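Biologist: I should be grateful for a close look at the salt bridges, together with the loops and side chains that belong to that part of the picture. Please explain each step for a first-year student.

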Amino acid sequence: MVPSRSLSSLLALPALAFLSLSASASPHPRSVSSPATLKLAVRINSYGIKNIAAADRTRIQARQAGDSSSITVTSTGVIYTADIGVGSPATYYTLAVDTGSSNTWIGANKAYEKTATSQDTGNTFRVAYGSDGKKYASGEEYTDTVTLHSDLVIDSQSIGVASDTSIGDGIDGLLGLGPVGLTRGTVSNTDEVATVTQNLYTQGTISSEVLGVFFAPASSDDNSGELTFGDYDASKITGDISYVPITTTSPASEYWGIDQSISYGSTLILDQTAGIVDTGCTLILIATDAFEKYQSATGATFNEEVGLLQITSDQYDQLSSLYFTIGEVTYELTPNAQIWPRSLNTAVGGDANSIYLVITDNGSPSGSGEDFTNGYCFLQRFYSVYDTTNSRVGFATTQYTDATSN
């Protein structure tokens, strides 16, 4: 969904890129594969929390309906972006990063600059956004050199070049980091399209098809993030990575899907069930029956104007932790982690002195095959690893797990 106001009103940080390697950068192509890290920038959309919750639900409903190509890019309240080079010499585009989709495309804002490495495949692409399909990107498929960093260069990467799109306002397109199966049906005359992570692996740039993702809370002093290709960044975690296999329950199994249960304090509100981990969603969305239990336990009221649960200061003082049990490990989402950053209330149309909860209703009863979505508000507290090689997802605590910056 496209916000009603220009992204010139966003709070933005410049995007940077750096390499976390002990060796100096070597000429392309590289002869030795090593993990490398790309720094991200964060943007805060200032068009209202109510639209964020609705956009997150639309994204989920599209997946539950079996529309594997339906995603949302600019409808999140917090967007992490990377400046990605296309062509040689490279033109840089600001792309939103998304583990819930897999196509990489440009052209929403800045026009595609063709160079000697640009090859028109003669195919077309189309990716629909949301369950109604009214938001979309479509155009031609090209292959081109894609530069994530001077030491992360991909030859002949498939990219969509949008000639018709409803996405824009400061975001040039999307960097798809989901499983390759999500590209089915998005490009004509093509079964599946190799993703950027897949090509980094097959071209020998990284030794494992693994992606590590770190997001600092948007309200913290270092409100940025990073992607580590080929491994995870051990400097960002405070404990071990604990892995679980991709769930076998559809439709979550088509994404970075896992099984988990959720308790509020000692009260189970969602029994073990399937859902997904998704950087394309802002909030933490849970099945309607679980949401109703959470609302009852917290005593929160639903704010129709904002679109989220709201609690008083006294209720916040009594708020219990949420416990996410994933495999053999339980991850504690503290009371502070359950609230929208108060310093950003007015940036998204809320009241500066109010307290809003980031747990919301996904619009479906449990048993849908996607009973939760762990979005940014979860991922800003836990490091996540997406391991295609071993079909698993991992999590670890970080310095922000227990932060009180919200």
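Modeller: A salt bridge is a side-chain nitrogen of Lys or Arg within 4 Å of a carboxyl oxygen of Asp or Glu. The model is predicted, and two salt bridges are found in it.

One of them pairs Arg184 with Glu192, whose side chains meet at 2.7 Å, N to O. This counts as a salt bridge because the cut-off is 4 Å. Residues are called partly exposed when their relative accessible area falls between the limits for buried, under 20%, and exposed, over 50%. Arg184 has a relative accessibility of 48%, so Arg184 is partly exposed. Glu192, at 31%, is therefore partly exposed as well.

Asn189 deserves a word here. Asn189 sits in the loop between strand E9 (173-176) and helix H2 (196-202). Although Asn189 is not a glycine, its phi is positive, at about 60°. With a relative accessibility of 74%, Asn189 is exposed.

The other salt bridge links Asp387 and Arg392, with 2.8 Å between the closest N and O atoms. Here the partners fall into separate classes of accessibility: Asp387 has a relative accessible area of 2% and is therefore buried, whereas Arg392, at 26%, is partly exposed. Strand E23 (382-387) and strand E24 (392-397) are joined by a loop that contains Ser391. Ser391 is a residue other than glycine with a positive phi, near 50°. Its relative accessibility is 43%, so Ser391 counts as partly exposed.

An acidic side chain may also take part in another kind of pairing. Glu370 lies in the loop between strand E21 (359-361) and strand E22 (372-374). The relative accessible area of Glu370 is 0%, which means that Glu370 is buried. The side chain of Glu370 makes a polar contact of 3.1 Å with the side chain of Thr373.

Two further loops contain a proline that follows a cis peptide bond. Ser88 and Pro89 are joined by such a bond, with omega about 5°, and Pro89 belongs to the loop between strand E3 (78-86) and strand E4 (91-98). Ser250 and Pro251 are likewise joined by a cis peptide bond, with omega about 5°. Pro251 is placed in the loop between strand E12 (242-245) and strand E13 (257-264).

Finally, the cysteines may be considered. The model has zero disulfides. Cys281, at 0% relative accessibility, is buried, and Cys377 is buried with a relative accessible area of 8%.

Notes:
Residues are numbered from 1 along each chain as its sequence is written. This is a predicted model: local features need pLDDT of at least 70, side-chain atom pairs count only at pLDDT 80 or more; totals for chains, interfaces and linings use all residues. Side-chain values use heavy atoms; hydrogens and water are left out. A disulfide is a pair of cysteine sulfur atoms within 2.5 Å. Buried means under 20% relative accessible area, exposed over 50%, partly exposed in between (1.4 Å probe, protein chains only). Helices (H or I, at least four residues) and strands (E, at least two) are DSSP runs, numbered from the N terminus. A polar contact is a pair of N or O atoms within 3.5 Å; within protein, one must be able to donate a hydrogen and the other to accept it, and residues adjacent in sequence count only if both atoms are side-chain atoms.
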